[in-house]
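Thanks for coming, everyone. Please pull up the sequence and the model, and follow along as I talk.

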Amino acid sequence: MPPKLLLHVFLRACVTIGLAGCGHMPVTSMVKLARVDFETSDPAQLRAAIKLPPGLRPRPNGVLLRIAVRVGRAPEEARDFMLREIPAPPELTREAGSNVHVFAYRIDETDLTRLATFRAELIAKKNSGQGGSISISVQPQACQAGELPNGPVYFTTYLRTAETGDYVTLARDVDLRTIMRDRAIVDEIPRCAP
């Protein structure tokens, strides 16, 4: 393992509980995210955002940040951290429009301590000579606020850290109708509560 825990980002966009799908990250995003050092990155500065069509909206308390780690030959260990909505950042206003909405998030204050503890445990394992890898994913749970189009239903996710300075695209325009070949995820998204 390199001298620091590098952040390898992998999108796993969960639209409903238990449903996962993966999008493709732009190469430019990989380059920017390769600069992120999980050992020193300030979790209080971490931000996530999702872009959804008007027929979808995130469920209240339904957006999580998942950090998954594999150390040595041990099974992968994952922890989920609650994200809280914040006003959409000005730098993503160009992404919003009449046909899409951007929702932004930060780690909930109560989960910052849990994240710091988790990171300390990982650093201790690394310092004991155990190599490994880490991945981070934004996991939104959405509900239907209105009718969805018959065609593609696109979403985009973003991540910002202290090192990137701005929002980096994790996956752009991933179609919920084609994200899983054997399931119609769009048909499984529940209606939003009144």
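Let's start with contacts across the chain. Take contacts between residues at least 6 apart in sequence: 74% of them join residues at least 24 apart. Keep in mind that this is a predicted model.

Now the overall layout. The protein has 3 helices and 8 strands. Reading from the N terminus, the order is β-α-β-β-β-β-α-β-β-β-α. There are 194 residues, and 49% of them count as buried. The exposed surface comes to about 9,800 Å². Carbon and sulfur atoms supply 53% of that surface.

Next, the inside. Which residues touch the most other members of the largest nonpolar core? They are L65 and I67, in a core of 39 residues. The element that gives the most to this core is strand β3, residues 56-71, with 6 residues. There is also a second, separate core of 7 residues. Its members include A49, I86, L92 and Y158.

Stay on I67 for a moment. Leave out residues up to four places away in sequence. I67 then touches F38, E77, A78, R79, F81, L115, F118, I134, S135 and I136. One of those, R79, is also the bridge partner of I67 in β4.

That brings us to the pairing of β3. With β6, residues 132-144, β3 runs antiparallel, and 12 bridges join the two. As a landmark, find R66: it stands opposite S137 in β6. With β4, residues 77-86, β3 is again antiparallel, this time through 6 bridges. β3 and β4 form a hairpin with 5 residues between the strands. Look at G72 in that hairpin. G72 takes a positive phi near 60 degrees.

Now strand β2, residues 47-52. How many of its residues are buried? The count is 6 of 6. In a regular strand, side chains alternate between the two faces of the sheet. Here is how that looks in β2. R47, A49 and K51 point one way. A48, I50 and L52 point the other way. Both sets are buried, and yes, that covers R47 and K51. A49 you have met already, as a member of the second core.

What does β2 pair with? One partner is β5, residues 101-107, antiparallel, with 6 bridges. There, L52 stands opposite H101. Another partner is β7, residues 154-160, also antiparallel, over 5 bridges. On that side, R47 stands opposite R160.

Last topic: cysteines. How many disulfides does a search of the whole structure find? The search finds 1. The disulfide joins C143 to C192, with an S to S distance of 2.0 Å. The torsion about the S-S bond is about 95 degrees, so this disulfide is right-handed. The pair links distant parts of the chain, 49 residues apart. C143 sits in β6, while C192 lies in the segment after α3, the helix at 185-188. Is this pair buried or exposed? Both C143 and C192 are buried.

To recap, then. β3 gives the most residues to the largest core and pairs with β6 and β4. β2 is mostly covered and pairs with β5 and β7. And C143 of β6 is tied by a disulfide to C192, after α3. Over to you for questions.

Methods. Residues are numbered from 1 along each chain as its sequence is written. This is a predicted model: local features need pLDDT of at least 70, side-chain atom pairs count only at pLDDT 80 or more; totals for chains, interfaces and linings use all residues. Side-chain values use heavy atoms; hydrogens and water are left out. A nonpolar core is a set of buried Ala, Val, Leu, Ile, Met, Phe, Trp, Tyr and Cys residues joined through side-chain atoms within 4.5 Å. Buried means under 20% relative accessible area, exposed over 50%, partly exposed in between (1.4 Å probe, protein chains only). Helices (H or I, at least four residues) and strands (E, at least two) are DSSP runs, numbered from the N terminus. Contact means heavy atoms within 4.5 Å. A disulfide is a pair of cysteine sulfur atoms within 2.5 Å. Two strands pair if DSSP finds at least two bridges between them. Accessible areas come from the Shrake-Rupley method with a 1.4 Å probe; for residues, only the protein chains shown count as cover.
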